[in-house]
Structures are given as structure tokens and as C-alpha cells.
Amino acid sequence: MTFDPKNVPQIKLNNGQLIPQLGLGVYKLEAASAANLVATAIDSGYRRIDTAALYLNEAEVGQGVRQSSVPREDIFVTTKIWHDHHQYDAALKAVDDSLARLDIDYIDMVLIHWPAPAQDKFVEAWAALQHSVEVGKIRGIGVSNFHSMHLDKLLAAGGTVPALNQVELHPGLQQADLRAYDAAHGIATEAWSPLARGRFNEAEPIVNIAKKYGKTPAQVVIRWHIELGNLVIPKTANPDRLLENISVFDFSLDGEDMAAIATLENGLRTGPNPEEFN
Ligand code: NDP
């Protein structure tokens, strides 16, 4: 079974890059199975993969990209650099190391994984990422887990405006203020843990909406992200769920559904608070 990738909307980023609105996240995807799963995902219709140096599967992601039957230029690959590489030269090296591990000629998008405010070096890392774009190693740059205070600081330094900000975002943590900040600055918002790792699969409004459309709870939550305009990267290691998670473009949620899901906001975090994580 395959899914026609043309059904996934392309979002135009502030640097002109086109990015599929839905992709596959590969955090906790074990290296041993990652290459085959990534190749299967691409061959079944995914055109975007989200990894990170931290995930220890960049080499397998690259292998999966090469192993698939889809040309490199049709696939959008994101990776991220970790806090121990925020110093300028270390950030340049992090890009080179990711490039070597991925082995896919160039990287579409590199993110600063967390702001790590205690060491306060993300502006330096950002300068290095801008240089890596200038020399053609990477095509676009963005941030992850940046709150408005971190973005204020980055923007005040001048230079490139991040193309996207990847943050924890799901029905329990809807990030209305941060989404509005990003939008006001031309930054796309991307949702990590978009399914809150399954915590809303039995929530009453989600289950009711799923019944109404003949969809699964995961599909309802992913569609909610699409309706909000979020970039979204659900993770699954299960080949059957790959198709389930991308098959969300044949229905839409109405105002009543969106209002019901809005009531699920409860400040839930599945990961750390970026203001305290160093
Ligand atoms: P998700 O919200 O995507 O949830 C993944 C979990 O849900 C897995 O346990 C998966 O199990 C399960 N699942 C997936 N699809 C379905 C389905 N259709 N039905 C039922 N269960 C399902 O969590 P993640 O934390 O993995 O976030 C997604 C991606 O976001 C990551 O892979 C990573 O790329 C990125 N991320 C970025 C972070 C950052 O700091 N920038 C932090 C965390 C994540 P199974 O595999 O068995 O299907």
C-alpha cells in the first residue's frame, strides 16, 4: 500500500524552501531497524524525515534515504545539533559530522535542538549554521524548543530569521502564544510529540470525533495539527501505522471538533521545559 505524496501540502518557508507539512519523526527508532523503516516510509509516500545527532540513527536514516526508490532531491531531511556543540567551531563540526553520518550530499534543514539558556551560546551556534548555509552544506536552518525570550535574543543578533521552530505541541500543550509569536515573525511552527505519545488516544472528544469520521484517534490528532497549520512529524516504528498516520488528507475537522479539542489543553509536557533544560 502506498500513499500519494502529492496529497501532503507543501508549506513555503521564509527562506523559500518547500517542506511537506507532514513527515516522519525517528526519535527512539532503533538503529538496527531504522534504515528499512525509513526506506519503507519514503517508498510508501513520506517525503520528510526528522532526526537529530542525539537519536544516534543518522547513518541509518541516510541509508534509508539512499535505499528508497525516491530521488534525493524529492526528500526533505532535518537533523539537529546538541548543546555540547553550541560554540562556533563546535557547531561547524557538528554539521560536518551529521553530513558525514547521513551521507546524503547536503542536509535540507539543521536545527539548534534546545536553547540551553544556562550556557547561553545559541547565538554563536546560529552564526555557525548561517555559515554552513552560505557554503552550501545545508539548505535551511531553524530552531527547536525556543520560547519567545530565546527567539527575541536570536533575532536581536540580526542575520537569518529561523525558518521554523520545532516545539512540543499536542492537544495537552497547544502553544497558542508561541504559535502566534512564530507566525508574527514568519517562522513556521513544527509540532514534536504531536500525539503526546498516545496520551489522548482515549480522550473522550478525540474518540467521539474519530467515530464521527471513521478515523482513528491518532488520525484525528494529526488532522488537528494540519487544520492549525502546524508542521507535524508523528513517529512510528510500526509499518502499518506509517500509512495510518499519513492518511489524514481525505477528511477535515469542523469548528465544533476544533473547539472540543481546544478543551484538552492542560499544560502537559512529555519532555523538559526549555527554560530549565541545559
Ligand atoms: P509522538 O507523539 O509522535 O508519539 C509516538 C508514539 O506514539 C510512539 O510510541 C508510537 O508507537 C505511537 N504511535 C504512533 N502512531 C500511532 C498510531 N497511529 N496509533 C497508536 N500509537 C501510535 O512522539 P515523539 O516523541 O516520538 O515525537 C515525534 C517526533 O518528534 C520524534 O520522533 C522526533 O523526530 C521529534 N521530537 C523532537 C524533540 C525535540 O526536542 N526537538 C523531542 C521529542 C521528539 P509505535 O512506534 O509503536 O507506533
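On a 1 Å grid over the protein atoms alone, a pocket is an open set of points where a 1.4 Å probe fits, with protein on both sides within 12 Å along at least five of seven lines. A molecule sits in such a pocket if more than half of its atoms lie within 2 Å of its grid points. Here, the space taken by the ligand is the largest pocket.

A word on the model: it is predicted, with local features needing pLDDT of at least 70 and side-chain atom pairs counting only at pLDDT 80 or more, while totals for chains, interfaces and linings use all residues. Residues are numbered from 1 along each chain as its sequence is written, and side-chain values use heavy atoms, leaving out hydrogens and water.

Let's look around the ligand. Its shell (residues with a heavy atom within 4 Å) holds 28 residues, and Asp50, Ser193, Arg197, Thr236 and Arg241 come nearest. By class, twelve are nonpolar, ten polar and six charged. Helix 9 (residues 239–246) gives the largest share, three residues; helices here are DSSP runs (H or I) of at least four residues, and strands (E) of at least two.

Polar contacts, pairs of N or O atoms within 3.5 Å, include these:

| Residue | Partner of the ligand oxygen | Distance |
|---|---|---|
| Asn145 | side-chain N or O atom | 2.9 Å |
| Pro194 | polar backbone atom | 3.3 Å |
| Ala196 | polar backbone atom | 3.3 Å |

Now for the sheet: eight strands form an open sheet in the order 3-4-5-6-7-8-9-10, with parallel pairing (pairing takes at least two DSSP bridges). Strand 3 (24–25) and strand 10 (231–232) each have a single partner strand, so one side of each lacks a neighbour in the sheet.

Technical notes
A polar contact is a pair of N or O atoms within 3.5 Å; within protein, one must be able to donate a hydrogen and the other to accept it, and residues adjacent in sequence count only if both atoms are side-chain atoms. On a 1 Å grid over the protein atoms alone, a cavity is a set of points where a 1.4 Å probe fits but cannot get out, and a pocket is an open set with protein on both sides within 12 Å along at least five of seven lines; lining residues have an atom within 4 Å of a point. Ala, Val, Leu, Ile, Met, Phe, Trp, Tyr, Cys and Pro count as nonpolar, Asp, Glu, Lys and Arg as charged, and the others, Gly among them, as polar.
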